[in-house]
Amino acid sequence: MSSNRMPDVETGNHIGGRWATTADTMPVVNPANGDTIATVPRSSRETADAAVAAARAAAFDWAATPVFERAAMCMAIATSIDAARGAIAHTLSCEQGKVLAEAQGEVAKAADGFRLAAELVKQMGGKTLPAEDPRKLVLTLRQPRGVYGVITPWNFPVNIPVEYLAPGIATGNTLVWVPAPSTALVACALMAAIQRAGLPAGVVNLVIGEGATVGDAVVVHPDVTAIAFTGSTATGQRIAERGAGKPMLLELGGNGPLIVCEDADLDAAAAAAAGGAFFNAGQVCAATGCVLAHSNVVDRLCDKLVAKAAEQVLGDPLHPATTMGPLNNAKVAAKVRAHVDEAVEQGARVLHGGRARPDLGSDLFFEPTVVRDVTPAMRLCAEETFGPVVPVIAFEDEAQALQIALQNDYGLSVGVFTHDIGRGIAMAKAIPAGIVNINAGTTWWELHLPFGGGSGKKSGIGRLGGMHTLEAMTEVKMITVTLPG
């Protein structure tokens, strides 16, 4: 199917159960060829305020809806997403740039996210607690927080929203969702699937616009009781400041190392490193930030990484032979080019790739790249590059590897490859990251598992995944009963 043929997608804000457009609009651009494929609203703060009002109006009735009915609604939404999987995936691929197979997998996982929330919410419970006064019966229960503001990024514009929307709906919250403008079209497609399932008006409200306008309006609104955000560390810090005092889930940047010890399975390590760097063109917060390889194996590992990079087929994301599409936008592409070019100027060597490929249809295509002789101070290693690049650093011993890992400002996800499980566990305990995968890559995760950054780092606060999200999106209420007598 051609990249220019789009499924029919209702475009607009969805507030209080109704679609609405605005006079001011923004183009939706296909990153693979630069074509404008649709327009979406450029909403005002007043529109965001209207969405909050709709969410607040729906909040009491939805919170009072029995949990089994809310769970059934989540199951119905999963079925609705499944029915529209092909169209949503096609829209996602055209708008975001990821290859169609990855897009289809993302939509399937979104449906799974609603099924998981439906099952877990039925297992949430409170406690009975002892009291010094024998006449007191003390119990706790979990209640929704109220109106949740949800602000989501463009790299996984279906999965990441669902990580908040599904638990939010299941636990009885109402939500105002602000998606990234560059992937607003697939947000409309997901919103349409949710509404086709019969979700009551106002439970989820979609507002499309620039984050500095509508996102900020949602964050500071007095009727928004809690915030969920996935995106850059800089934006997350601004949200934390603007929404100070509100409960927050902030899933921010990552730049985790993958440590390859002398005794590692090099084939497995190379596959994990390359998979973590080239999946979604490297636009993943848990992507392979850099590879730290023992000096005795670094040459062989680099050869294997180059071979993995050479296997990638860069091109039209809708073509079945393509394994990697373009970067999503010009800002990211410029950063990737700058990080690689600066590393080379400072002494690093490009073993494979390293160039933009505008001949493939747009300036956003960038070759799968392997760079050797990187140092920890280079921006390619120290910052989140967010592109299809594997930087490689050699280390002499475990202490040096840990020293480099501990210098990292981020603390999201780390991989350690070693046959010595004791060594792997020791390194996992020593590295202040939220996730350490031993003999797996930095991107390994499943929907029910905790996902989030280590304390004191730039990767955010809180945990997503399974029951962790449901608990974060509810609050504990204590109720006491004084018995007679």
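pLDDT is the predictor's confidence in each residue, on a scale from 0 to 100. The structure shown here is a predicted model, and its protein chain averages a pLDDT of 97, with 99% of the residues scoring at least 70. Among the elements of the chain, the lowest mean pLDDT, 95, belongs to strand β4 (residues 36-41). The highest mean, 99, is that of strand β8 (residues 174-178).

Attention may turn next to a pocket. The second largest pocket has a volume of about 560 Å³. Its lining consists of 22 residues, and those nearest the centre of the pocket are Phe156, Asn159, Glu163, Phe279 and Trp445. Two helices, α4 (100-121) and α5 (159-170), are the elements that give two or more residues to this lining. Helix α4 supplies the largest share, with 4 residues. By residue class, the lining of the second largest pocket divides into 10 nonpolar, 6 polar and 6 charged residues.

The charged side chains of the model also pair with one another. The count comes to 23 salt bridges. One of them joins aspartate 82 to arginine 115, with the closest N and O atoms 2.1 Å apart. This pair links distant parts of the chain, since aspartate 82 belongs to helix α2 (residues 67-83) and arginine 115 to helix α4, 33 residues apart. Aspartate 82 has a relative accessible area of 33% and is therefore classed as partly exposed, as the value lies between the limits of 20% and 50%. Arginine 115, at 27%, is likewise partly exposed.

A second salt bridge has a buried setting on both sides. Lysine 98 pairs with glutamate 106, the closest N and O atoms being 2.5 Å apart. Lysine 98 is buried because its relative accessible area is 3%, under the limit of 20%. Glutamate 106 is buried too, with a relative accessible area of 3%.

In a third case, the side chains of glutamate 367 and arginine 357 meet in a salt bridge at 3.7 Å, N to O. Both residues lie in the loop between β14 (349-352) and β15 (369-372), 10 residues apart. How buried or exposed are the two partners? Glutamate 367 is buried, with a relative accessible area of 10%, whereas arginine 357 is partly exposed at 22%.

Salt bridges can also share partners. Asp299, Arg349, Arg372 and Asp373 are joined in this way into one network.

Conventions:
Residues are numbered from 1 along each chain as its sequence is written. This is a predicted model: local features need pLDDT of at least 70, side-chain atom pairs count only at pLDDT 80 or more; totals for chains, interfaces and linings use all residues. Side-chain values use heavy atoms; hydrogens and water are left out. On a 1 Å grid over the protein atoms alone, a cavity is a set of points where a 1.4 Å probe fits but cannot get out, and a pocket is an open set with protein on both sides within 12 Å along at least five of seven lines; lining residues have an atom within 4 Å of a point. Grid points are joined across faces, edges and corners, and a volume is the space filled by probe spheres set on the points. Ala, Val, Leu, Ile, Met, Phe, Trp, Tyr, Cys and Pro count as nonpolar, Asp, Glu, Lys and Arg as charged, and the others, Gly among them, as polar. A salt bridge is a side-chain nitrogen of Lys or Arg within 4 Å of a carboxyl oxygen of Asp or Glu. Buried means under 20% relative accessible area, exposed over 50%, partly exposed in between (1.4 Å probe, protein chains only).
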